[in-house]
Structures are given as C-alpha cells and as structure tokens.
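Good morning, everyone, and thank you for making time for this. Please have the sequence and the structure open while I talk, and stop me whenever a word is unfamiliar.

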Amino acid sequence: MSMNKKAPEDTRVIVGMSGGVDSSVAAYLLKQQGYDVIGIFMKNWDDTDESGVCTATTDYEDVIRVCNQLEIPYYAVNFEKQYWDKVFTYFLEEYKAGRTPNPDVMCNKEIKFRAFLDHALSLGADYLATGHYARVERDEDGVKMLRGVDYNKDQTYFLNALTQEQLQHVMFPLGEIEKPRVREIALEAGLATAKKKDSTGICFIGERNFKEFLSEFLPAQPGNMETTDGEVKGRHDGLMYYTLGQRQGLGIGGAGEPWFVVGKDLDRNVLLVGQGYDHPELYSNGLTAVGLNWIDVPKENRFTCTAKFRYRQEDQPVTVELDGNGEARVMFDEPQRAITPGQAVVFYDGDVCLGGGTIEEVIK
Amino acid sequence: MKRIYLDHAATSPVAAEVVEAMRPFYEGVFGNPSSIHHFGREARRGLDEARDTIAGAVNAGFDEIIFTSGGTESDNLAVIGYSMANREKGRHVITTQVEHHGILHAFEHLETLGFEVTYLQVDESGRVSEDQVRDALREDTILISIMYGNNEVGTVQPVEEIGAILTDHQAVFHTDAVQAFGLAEIDVKKLNVDMLSVSAHKINGPKGTGFLYLKSGLTVSPGLYGGEQERKRRAGTENVAGAAGLKKAVELAIEKREERLALYDSFRTAMIQVFDEEGLDFQVNGSSMYYLPHILNVSFPGANVELMLTNLDISGIAASSGSACTAGSIEPSHVLSAMFPEQPERSRSAIRFSFGDGLTEEDIRTAAEKTAKIVTRLTD
C-alpha cells in the first residue's frame with residue numbers, strides 16, 4: 001500500500017503524542033482533515049525522582065487534555081525495555097568506545113518508527129504521524145523524504161536512518177508549516193499545550209547535568225590533558241565527558257588563544273588539546289561512514305551531493321564513494337571542523353534527504 | 001458501534017433508582033445535618049435514614065457506620081486510624097500481598113511510623129489460609145487487614161475462618177469488602193470482623209462516597225480534623241446526597257444479589273466457553289472454588305496487554321489490566337506477581353473482564369469473540 005486511496009475518514013492515523021505543542025498540532029491538523037485519529041503517548045524512560053514525580057506523568061496529562069479537546073481517543077504504550085535495549089545500551093557503548101552517539105537517530109530508527117510503528121499497525125493504523133519537521137512524498141517509485149519547509153527546524157537529520165518500508169506508513173503533518181505558525185495554530189485552536197515550552201536536550205537526560213547523568217552509568221577514568229606535542233596541560237575527568245571542538249570546561253588558563261579539545265587518545269586515556277578555534281588538528285578533508293541507509297538508492301558508486309555532519313549545520317558539498325559493503329568515503333569540498341565519530345552524516349540532493357550513516361573516522 | 005463495558009470492578013454505572021434517591025438532596029433538601037433549624041433537620045433525617053438502612057444491611061448498629069469518601073478513605077481510616085489510636089497495645093500488624101493499594105500503601109505508611117508489617121504470601125489462587133494468620137500472630141499484633149474479595153482476580157479469602165481464630169486475641173480484624181459487597185453476603189457478626197470497608201461506586205452508587213463499619217467500642221484516630229461529624233472520626237460536612245445514594249445502592253445490591261451471582265457465573269462460563277471454542281491458549285487466574293463471579297481474569301500467553309486493551313477499546317470492548325497505571329502505561333500487577341512470582345509473562349498478558357448491571361449473555365459472547373479475534377491476531 002504505497003499509495004493510499006482511502007478517504008480520510010476511513011484512514012486511521014495514529015499520532016505519536018509527546019505532550020508537546022508540535023505533536024498536539026499534528027493531531028489537530030489531521031483531525032481537521034477528517035482522518036480517524038488516535039493519540040498515543042509513548043513512555044520510553046522512567047525518570048521518577050525521589051519524591052515520586054515523573055515528567056512522563058505531566059506530559060501524559062497534557063496528551064489527555066489535548067486529545068479530549070480534539071475528541072479523539074488516547075492511549076499510552078510503554079517501550080522502556082526496548083528503549084533501554086536498543087537506544088540506551090548503544091548510547092553507553094558508544095561513549096565507552098570514545099565516540100559521541102546520537103540517541104535521537106537511534107530512537108527514531110528503533111523505537112518511534114519500529115516498535116511504535118508496529119504497535120500502531122497492529123491497532124489497524126494506516127499511518128503513523130509525528131510532529132517532526134520533515135515531509136514525505138509518495139509516488140509509484142516509493143517514498144521520498146524532504147526537509148521540512150522550516151529549514152531552521154528541519155529534522156530530517158534525525159530521521160536519516162528510516163527505510164522505505166518505514167516511511168511508507170509515515171505522515172509528518174508539520175512538514176509544510178513553519179514553527180511560528182504551529183504555535184499560532186495551537187493558540188487559535190486553544191490547545192492546552194499552546195504555550196508549553198519546547199523540550200530541549202536528550203529526552204532521557206532532560207534538563208539535568210549531562211556529566212552527572214553519565215557518571216551514574218559509566219565509571220569515569222580521569223587522565224591527562226596533553227597538547228599534540230605531548231606537553232601535559234592538566235587533568236580531565238574522563239574522556240566521555242568531552243566532545244571534539246569543545247572549549248568550555250577545560251580549565252586551562254594562561255596566555256594566548258583559548259584551548260579546545262582536538263582529539264582523544266583512548267589507549268593512553270589522554271585528552272588532546274590545542275589552542276585556537278581553528279586549530280589544524282580539528283580540521284579534516286573527509287570521513288568514512290558506516291551503517292549506511294539509503295532512502296533514495298544512489299545510481300552511481302561515486303556521486304556528488306550535499307551533507308550535514310551535525311544537526312542544524314549548513315549543507316556542505318561532498319563527493320561520496322561507496323565501497324559496495326554499506327560503507328562510504330565522503331570527501332569534502334572544503335575542510336570541515338570537528339567532525340565527530342559516532343554522529344550521523346546525512347546526505348541531501350536539494351530538499352530530498354537521500355539517507356545517511358554513522359561517522360566512523362575522519363580523513364585528514 | 002455498540003460499546004460493551006466489562007470494567008465494572010473499576011467503577012459501575014449509577015442506577016436510575018440511585019439518582020432518584022439522591023435527587024431530593026439536590027432539589028430542595030440542602031441543609032447542613034449539624035444545623036439546629038428546620039433545614040438542618042431535614043438533611044439530618046436523610047442522613048440518619050441512610051445510616052440506619054446501611055447498618056441493618058450488614059447487621060451492624062446505627063452508630064457503627066461511618067460515612068467516608070469511599071473505599072480508600074475507609075481503608076485508610078481502618079488501617080492507619082486504628083493502628084495510630086492503639087499503638088500502645090503493640091506495633092505489629094498483618095495484611096496480605098494482594099490487597100488493594102488503599103490498604104497496601106496505608107501499611108507502607110505505617111512502616112515509616114515504626115510499625116512492623118507482616119505481608120502474608122498467597123498461593124497460586126491468590127488465597128491465604130487461617131493457619132498463615134495463626135502463625136503470623138504475635139502477642140503485640142494489634143490489627144489484621146485481609147480483603148474479602150480481590151479486585152483483580154476475584155479470589156475470596158477465608159474471612160469468617162480468620163475472624164474466628166481472632167476472637168481470643170487482642171488484634172482486631174478489618175476486611176476490605178469493596179469488591180465483594182453486593183455479591184457476598186455481608187454480616188459483620190457472622191464474619192467476626194471489627195471493621196469493614198464499602199464503596200458506593202462499585203455497586204451502582206455515586207462516586208465519592210462509602211462507609212466504614214467500625215465495631216462499637218473501638219477507637220480510630222481521624223484522618224481529617226475539623227468539626228464533630230461522624231462522632232469526631234470523620235470531620236467535614238456530610239455528603240448527604242451521597243449517603244442517600246449509597247443507601248439505595250446498598251438496598252439494590254442486596255435485593256439483586258442472588259440473581260446477579262447466577263447471572264455473572266453464567267457470563268464467566270460463556271466467556272470461557274467462547275475462548276475454548278476459538279481455540280485460544282489462555283489461563284484463568286484466581287480460585288476456581290472461592291471467587292467473586294463478576295471478575296474474570298485471564299492470561300493470554302504471548303499477547304501484550306497494552307496492545308490487547310487498546311485493540312479491545314478500538315473494537316468497543318472496555319476491559320482492564322486490573323493493575324495500576326503510571327503515565328498511562330501498565331505496570332506489572334502486584335497481585336499476579338504475588339500469585340505467580342516465577343511467571344512474569346502470565347501477569348504481562350493478563351486482562352480483567354468484570355461484569356455488572358445491564359449486560360446480556362449476547363454482549364458477553366460478542367465481547368469474547370472480539371477478544372478471541374484480537375488475541376489470535378496478536379499471537380500469530
């Protein structure tokens with residue numbers, strides 16, 4: 001069923017509702033369009049604190065309020081175990097391996113658009129909708145995923161690991177709208193979440209201190225901070241707490257330009273630091289990517305396109321060479337700063353998101 | 001789509017006669033029962049009539065009925081109120097693992113106040129024995145609270161037998177009869193209970209009202225402080241309309257008891273029969289000997305309970321997992337976990353169907369067939 005011929009009222013759309021304004025408006029718009037809409041709240045993480053308070057409870061209460069306003073049924077589903085096994089375990093493993101994981105990409109791939117999509121389909125849904133800023137276009141050749149028209153909010157970077165099969169069943173009602181308009185719609189419709197603050201950060205960490213959070217799960221191994229010439233500049237608290245290109249929190253004073261993280265020597269547990277935002281160690285000419293997923297399968301093994309190496313970055317022109325084993329060499333037209341292993345590299349042709357992979361190594 | 005409500009153990013529809021019984025107190029009789037004028041007396045008459053009828057219904061005295069806001073408050077008043085008022089007699093209390101949270105969390109609170117609580121283990125049918133109670137009894141035991149019938153699996157405890165062994169012990173005996181009232185014959189003297197909780201909304205009465213039977217001579221510390229209502233054991237202006245509704249609900253429950261027992265038993269049989277006919281793999285949880293017939297708890301191995309319940313609701317069948325929800329998602333049931341500690345799968349795949357007023361055998365068959373279809377699809 002790549003093309004849906006059913007009338008909206010016969011088309012069941014399950015909306016993944018977080019209790020935020022985006023998914024509220026997504027549900028509202030689908031309801032306006034006459035779909036058979038059901039809201040479902042996903043609980044992926046138990047953040048109950050000592051006083052028994054859990055943000056999931058208040059978020060679910062907001063889902064209930066909005067669904068009652070829209071007169072649609074609502075349910076909840078618990079994917080804590082799947083989230084722990086598929087996303088959180090990966091997250092910790094990556095940090096242990098000295099890399100910087102992207103749990104949002106993994107969550108979309110394994111939870112929202114796999115476990116949750118399966119759940120929705122087994123409830124008789126034709127589509128799963130979310131409040132992501134992205135677009136899907138369906139034709140006889142399959143599905144294309146495009147950037148949301150609000151480039152500033154575009155979330156295709158996090159959705160790059162979705163497959164054709166997953167995207168066939170997906171709707172992104174906010175893809176054609178700009179974020180400020182979403183707030184306006186919520187206010188006009190009087191939705192209970194219209195003025196709710198957007199959530200920030202990684203969902204399971206929330207507003208908490210990242211370092212503190214990570215230290216609960218991974219033993220920190222303090223070590224030396226050294227320049228690339230081997231001069232000891234101080235101590236670090238554990239390599240996992242630092243990201244390439246980071247300036248804050250190094251605690252190295254003295255004369256001259258500010259200090260930055262320019263590398264990690266895992267074998268010696270040494271954090272490599274260098275002076276100046278544009279320290280040459282931070283720059284690379286290319287990268288190798290693994291675990292590639294193509295929404296649009298490339299016709300050639302060598303082609304040019306644009307790419308993002310982190311969320312909200314400007315697209316960069318690149319040349320991609322596929323090795324035929326799901327890995328690629330990606331060479332940059334211009335040297336790039338702070339390419340971070342573990343993060344996603346996502347490819348675009350104009351507005352079309354072609355797919356992406358995980359950054360394995362940089363090529364100097 | 002005709003919706004079929006099979007969640008009467010969660011709450012039940014208010015009977016038309018109950019609404020009628022409450023109507024005068026919303027349309028004219030509004031006085032405060034404590035007032036000394038005509039208006040107060042009118043209200044007081046309604047309240048006293050309710051108390052009188054209810055006392056008679058459970059073979060208690062007029063002054064042994066305390067009106068509360070429902071099951072949880074009655075349970076709290078019994079467990080916490082009695083223990084706190086009598087703590088100089090001892091600090092040991094006994095209950096079971098499978099109580100309603102209105103009891104369990106009250107006992108957990110007592111633990112923080114220095115009481116020692118024994119939680120009796122249940123067998124696979126969800127029952128405790130009078131021997132277990134006898135073994136757990138100590139000289140300093142002051143309270144035993146054991147529910148009459150379980151709200152998740154319907155298992156009935158040997159209340160009368162336990163009551164009998166306590167007659168020569170200082171410990172008093174409370175039973176939570178919220179689920180059992182209306183289906184089990186409740187006579188506080190025959191049962192040898194000292195305290196007993198009932199809630200109105202489980203027996204086609206209004207929400208927010210219930211009562212605690214408190215044997216005369218026993219003292220409880222109040223949960224609310226204020227006026228002298230309910231002989232200082234429950235402050236706050238009485239819910240007169242609620243009491244009138246509760247009175248009518250109690251009358252109806254007793255009047256229809258025999259008829260309902262037979263009817264719900266036939267519903268159970270019909271439902272199980274359809275599951276058999278449809279070739280489902282299922283296990284009935286609870287006791288086949290000692291049970292409340294309006295509760296049928298069934299595990300469908302391999303099926304996920306959230307998915308089943310959501311599918312059922314979409315098909316117009318309202319059932320429940322019988323256990324607590326956090327942020328809308330279902331936590332493993334403490335009752336089933338206690339019954340089957342080695343079988344988490346059994347509690348993860350369990351659904352509670354509960355019967356009540358207004359259902360027909362055809363409804364039950366329709367619901368069972370829809371359930372079978374969903375379970376078959378989900379376990380394929």
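I will go through the two chains in turn, and then turn to where they touch.

Before anything else, please keep in mind that what you see is a predicted model, and that local features are described here only where pLDDT is at least 70.

Let me begin with chain A, which has eight helices and 17 strands. Its radius of gyration is 22 Å, close to the 21 Å that the globule rule gives for 364 residues, and chain A is therefore as compact as a globular protein of that length. If you turn chain A along its principal axes, the C-alpha trace spans about 70 × 55 × 35 Å. Of its 364 residues, 41% count as buried, and when we take the contacts in chain A with a separation of 6 or more, 64% of them are between residues 24 or more positions apart.

Now please find strand β2 of chain A, residues 36-43, and ask yourselves how many of its residues are buried. Eight of the eight are, so the strand is largely enclosed by the rest of the structure. Both faces of β2(A) are covered, with D36(A), I38(A), I40(A) and M42(A) buried on one side, and V37(A), G39(A), F41(A) and K43(A) buried on the other.

What does β2(A) pair with? On the one hand there is strand β1 of chain A, residues 12-17, which runs parallel to β2(A) and is joined to it by six bridges; on the other there is strand β3 of chain A, residues 74-78, also parallel to β2(A), with five bridges between them. I40(A) is a useful residue to follow here, since it is the bridge partner of G16(A) and also has Y75(A) as its bridge partner in β3(A).

The connections between these strands pass through helices. From β2(A) the chain crosses through helix α2, residues 55-70, to β3(A), and this β-α-β crossover is right-handed. Likewise, β1(A), helix α1 of chain A (residues 21-32) and β2(A) make a right-handed β-α-β unit.

Let us move to chain B, which has 13 helices and 14 strands. A compact globule of 380 residues would have a radius of gyration near 21 Å, and the 21 Å of chain B agrees with that. The C-alpha trace of chain B spans about 65 × 55 × 40 Å along its principal axes, and 51% of the 380 residues count as buried. Among the contacts in chain B between residues at least 6 apart in sequence, 75% join residues at least 24 apart.

A strand to look at in chain B is β2, residues 65-68, where I65(B) and F67(B) point one way, I66(B) and T68(B) point the other way, and all are buried. This β2(B) pairs with strand β8 of chain B, residues 210-214, in the antiparallel sense and over four bridges, and the partner of I66(B) in β8(B) is L212(B).

Next comes helix α13 of chain B, residues 361-379. At 1.5 Å a residue, its 19 residues should span 27 Å, and the end C-alpha atoms are 26 Å apart, which agrees. Which residues of α13(B) are buried? They are I364(B), A367(B), A368(B), T371(B), A372(B), I374(B) and V375(B). To read such a list, it helps to know that an α-helix has 3.6 residues a turn, so residues three or four places apart point the same way. What covers the buried residues of α13(B) includes β1, α9, α10 and β11 of chain B.

Within β11(B) we find I317(B), which is buried, with 24 other C-beta atoms within 10 Å. Leaving aside neighbours within four places in sequence, I317(B) is in contact with I4(B), L6(B), L312(B), A367(B), K370(B) and T371(B). The C-alpha atoms of I317(B) and T366(B) are separated by 9.2 Å, although these residues are 49 apart along the chain.

Finally, the place where the chains meet: twelve residues of chain B are in contact with 15 residues of chain A. On the chain B side, the elements that give two or more residues are α10 (305-314) and β13 (329-330), and α10(B) gives the most, with six residues. The residues on that side of chain B divide into five nonpolar, five polar and two charged.

Notes. Residues numbered from 1 in each chain as written. Chains lettered and ligands numbered in written order. Predicted model: local features only at pLDDT ≥ 70, side-chain atom pairs only at ≥ 80, totals over all residues. Contact = placed C-beta atoms within 7 Å. Nonpolar A, V, L, I, M, F, W, Y, C, P; charged D, E, K, R; others polar. Expected span 1.5 Å × (residues − 1). Buried ≥ 20, exposed ≤ 12 C-beta atoms within 10 Å, placed from the backbone. Pairing = 2+ DSSP bridges. Right-handed = clockwise from strand over helix to strand, strands pointing away. Rg over C-alpha atoms; globule rule 2.2 N^0.38 Å.
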